[in-house]
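This report concerns aromatic rings and the contacts they make. Please keep the sequence and the structure in view while reading.

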Amino acid sequence: MSTPMNKLLIAVAAVAFLGVAPPAGAAEAPEVPEQDWSFSGMFGTFERGALRRGLQVYREVCASCHSLSLIAFRNLGDVGFSPDEIQAIAEEYEVEDGPDDEGEMFMRPAKASDRFVPPFANEQAARASNNGALPPDLSLMIKARKNGANYLYGLLIGYVEEAPEDVEMMEGMYYNKVFPGHQIAMAPPLFEEAVEYADGTEATLDQEAHDVVTFLAWAAQPELEERKRLGVKVLLFLIVLTAMLYAVKRKIWSDVH
Amino acid sequence: MEAKTWKNPVIAWIDDRLPVFSMMQAELVDYPTPKNLNYWWNFGSLAGIVLVIMIATGIMLAMQYTAHVDYAFESVERIMRDVNYGWLLRYLHTNGGSMFFIVVYIHFFRGMYYGSYRAPRELLWIIGVFILLAMMATSFMGYVLPWGQMSFWGATVITNLFSAIPLVGEAIVTWLWGGFSVDNPTLNRFFALHYLLPFIIFALVFVHLWALHVKKSNNPLGIDVKGPQDTLPFTPYYTIKDTFGLGVFMIVYLAFVFFAPDFFGEPDNYIKANPMQTPPHIVPEWYFLPYYAILRAITFDIWFVSAKLIGVILMFASILILLFLPWLDRSPVRSAKFRPIYKQLFWVFFADCIILGVVGGNAPEGAWVPIGQAATFYYFAHFLIIIPLLGKFEKTRTPPTSISAAVTHGGIGTKVKEAAE
């Protein structure tokens, strides 16, 4: 079987060569800084401290423009928030409920089963408050971009005050090293001391970006820890089973070879 | 089928009236299988198992999914977040789709390398091509169901292809959509058909197996079975070999499911469909990229035929041409083992398919255009020029007289030449 395998390798190498030599005119891919994330790798988990700090960054900074519509307050229980803490966070929000017995809609404090309350009533209201731009929902942001965690981290720390001289900036846009096209409608959201961390961690720009990305990575894939834990067990089982199947196969075929 | 007496009276009673047990004995246990099959022959049974996994996970997903443009995206996220092990079901299903194509493509390339499509297995091969076509329709419609950006725009691009048909094209597209754009009626019918087609595939697989069991398996030497000395009973020899192969496959498959579940997916499909916003690059799933490259290869009109129509015709022709392969190939031997030139050109063809895939994944600009055109030309030249010419002019080596003769001369494949001489 060695000859076909070699041919296969040659074919793959040829493709790889084509892959690394993109023809002229291919869209320029901005450099994204590769970070070490607590949730990457086979045994990755979300660092609990970063999650809590990231939630704080989301609520105090991002949430003024970006919704998180797929996450319910109760979901925070999966990553170590106690029922009392969840209740306390939920009660800071008001949600519309109803109709009541008189047929009226009414406002009440949010419950653990409610989802994070969006900052704007609808898309038009969001655009009206944001210079015509629509701040996207962040629930799936990490999965909705290539290399999502590194990309978002790069975007958050990638603002440059002065655009390069040859770039003509459009009205109300900000220059960002990582954003496709480099002109982004979102003002730099994070900076030194943008939040005062409840756990006393120093709120550098880097720290804030790192924490909020960890939080959003959890929001996009809350099943990640369970998935990886189960995956390790399943693969270990399969490897042992398959090795035994191979032994049985050898035994059965021994009278043929 | 040899009548067998069953000791168990219940089984004997049933078998006398409906010989299911005799049939299972004949087709799954005693079934004579060439003794020299290599591991490339595992992929047929693997494809069948993947089909069953897809149907099982799919039915369970359908119990939780809502086929409506306002709820489809959220209902998929509900499966991912709130349904018990919903994330596992969905990742098994999405990655299962990619695995299905990997397995089936290997199955096809194996058939092409060892000449399994040659007489007397032409019909077996043709049924296989129809299975591939049904799989493509199924996976295309399945990809639309999560109603992400790629779902919507992929559906828009592909259904729009039919508008290239002269005169009736536009009407056909409106009929396919059930409206004037991809919208709720489109999503609903795609869901209905996505649920229906796998059962049609299942029926086709049954016919495929039926045809297989009439003419039996080809083998790496591509020579006919001469007698019982050339074969082994399917059970236990190939049941254990297939089961071991299944173990290896499951390790690969589940490694993706648990550790890189979005590896084969497009990030854009985690953005809800927005008819007002076109993504910068609309790309189909990876297994369609070679055909997508062929579709876009033609950038010029020929006489009164538009470039778009030629592209569409070539894309469908790239698969339908497989139906004629049994008659395009006139070589005196089946297996590439005894065809020194075809053996090389097979891998060139394989590389050409990969290149087409890479071209399909890139925007059609710059050097990708001529590369795509050259690769498309070569794809068709392989079938229409190279294979017929090789059949005529290639100096083939003489295969051994029988499978057992080759096997007893110390290992399959390595000493085949000696055995032949």
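Two rings of Phe, Tyr or Trp, the last taken by its six-membered ring, count as an aromatic pair if their centres lie within 6.5 Å. The structure discussed here is a predicted model.

In chain B, one aromatic cluster is formed by Trp41(B), Phe109(B), Tyr113(B), Tyr114(B), Tyr342(B), Phe346(B), Trp347(B), Phe349(B), Phe350(B), Tyr379(B), Phe380(B) and Phe383(B).

Over all chains, a search of the whole structure finds 52 aromatic pairs. One of them joins Phe39(A) to Phe46(A), with 5.4 Å from centre to centre and 40° between the planes, and this pair is tilted. Phe39(A) is buried because its relative accessibility is 6%, which is under 20%. Phe46(A) is likewise buried, with a relative accessible area of 2%.

In the pair of Trp286(B) and Tyr287(B), the ring centres are 5.5 Å apart. The planes of these two rings stand at 75°, which is over 60°, and therefore the pair is edge-to-face. Trp286(B) has a relative accessibility of 26% and so counts as partly exposed, whereas Tyr287(B) is buried at a relative accessible area of 4%.

Charged side chains also meet aromatic rings in chain A. The table lists two such contacts, with Arg52(A) and Lys249(A) as the charged residues.

| Charged residue | Ring | Distance to ring centre |
|---|---|---|
| Arg52(A) | Phe81(A) | 4.2 Å |
| Lys249(A) | Trp253(A) | 4.9 Å |

The charged end of Arg52(A) sits over the ring of Phe81(A), and Lys249(A) lies over the face of Trp253(A).

How values were computed
Residues numbered from 1 in each chain as written. Chains lettered and ligands numbered in written order. Predicted model: local features only at pLDDT ≥ 70, side-chain atom pairs only at ≥ 80, totals over all residues. Heavy atoms only, no water. Phe/Tyr/Trp six-rings, centres within 6.5 Å; stacked < 30°, edge-to-face > 60°. Buried < 20%, exposed > 50% of the residue type's maximum accessible area, 1.4 Å probe, protein only. Lys NZ or Arg CZ within 6 Å of the ring centre and 35° of its normal.
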